[in-house]
Amino acid sequence: MGEAFSALGISVPLLVAQLVNFSILLVILRFTLYRPVLRMLDERKQRIAEGLNAAEIARREAASAQANIQAQLEAARKEGQEIVANAQAIATRIETEAKEQAAREREAALEKARNEIQLERDRAIAELRREFAAITVAAAEKVINQSLDSQAHQRVIEETLAESRFSGN
């Protein structure tokens, strides 16, 4: 076999020496380079896994925060709708109260105007009675051509008023 290697130009002692050197180099590289590279790759793999876990946790927290924000917005929206509904109810109540107050004031003013009209009417009737009494007395004086005393004058006025259309009013 040694001749076959020689015919091919391969030296067996040199080949053995190279194989031993390669094996030693392989062992040295394995301890000095391969293990640190594997450790570095494992550490990198671990950092990537931690980063993915952190990203997943952050995604969950963001989803939770988003859900919380949506719940708060919904609660705020409902509260705003309640406030608007309450404000509308208060406005309606105030409007109703204002209308009722205006109606009461209008009715009071109308009643006051009626009372004033009644008083004015009563004054006018009293004035007409006085004028009618004066005319009646003047007519009576002319008819009987004498002046009546105060008691007779009052009696004539009362009789005349009792007979007139002003007596009922």
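Trainee: What makes the contact between Arg60 and Glu56 a salt bridge?

Mentor: In this predicted model, the side chains of Arg60 and Glu56 meet at 3.4 Å, N to O. The cut-off is 4 Å between a side-chain nitrogen of Lys or Arg and a carboxyl oxygen of Asp or Glu, so the pair qualifies as a salt bridge. Both residues lie in helix H2, four residues apart, about one turn of the helix.

Trainee: Which residue meets Arg59 in a salt bridge?

Mentor: The partner of Arg59 is Glu56, at 2.4 Å, N to O. Glu56 and Arg59 are three residues apart in helix H2, again about one turn.

Trainee: Why is Glu56 called partly exposed?

Mentor: Partly exposed covers the range between under 20%, which is buried, and over 50%, which is exposed. Glu56 has a relative accessibility of 27% and therefore falls in that range. Arg59, at 48%, is likewise partly exposed.

Trainee: How do Glu95 and Lys99 stand against the cut-offs for exposure?

Mentor: Glu95 has a relative accessible area of 44%, so it counts as partly exposed. Lys99 reaches 55% and therefore counts as exposed, the cut-off being over 50%. The side chains of Glu95 and Lys99 form a salt bridge at 3.5 Å, N to O, and the two residues lie four residues apart in helix H2. Elsewhere, shared partners join Glu56, Arg59 and Arg60 into one network of salt bridges.

Trainee: How many salt bridges does the whole structure hold?

Mentor: A search of the whole structure finds seven.

Trainee: How do you know that the length of helix H3 agrees with its number of residues?

Mentor: Helix H3 runs over residues 150-163, which is 14 residues. At 1.5 Å a residue the expected span is 20 Å, and the end C-alpha atoms are 20 Å apart, so the two agree.

Trainee: Which residues of H3 are buried, and why are they said to be on the same side?

Mentor: Ala152, Val156, Ile157, Thr160 and Leu161 are buried in H3. They cover an arc of only 165° around the axis, which places them on the same side of the helix. The face turned away from that buried side carries Gln151 and Ala162, which are exposed.

Trainee: What makes up the nonpolar surface patch that includes Met40?

Mentor: The patch, of about 700 Å², is made by Leu25, Leu29, Leu33, Tyr34, Val37, Leu38, Met40 and Leu41. Met40 lies in helix H2, which spans residues 12-144.

Trainee: What share of the chain is buried?

Mentor: Buried residues make up 7% of the 169 residues. The chain contains three helices and zero strands.

Methods
Residues numbered from 1 in each chain as written. Predicted model: local features only at pLDDT ≥ 70, side-chain atom pairs only at ≥ 80, totals over all residues. Heavy atoms only, no water. Patch = residues over 30% accessible without salt bridge, like charges linked within 9 Å, V, L, I, M, F, W, Y side chains within 5 Å. Areas by Shrake-Rupley, 256 points an atom, 1.4 Å probe, with all protein chains shown as cover. Buried < 20%, exposed > 50% of the residue type's maximum accessible area, 1.4 Å probe, protein only. Expected span 1.5 Å × (residues − 1). Arc of directions from axis to C-beta.
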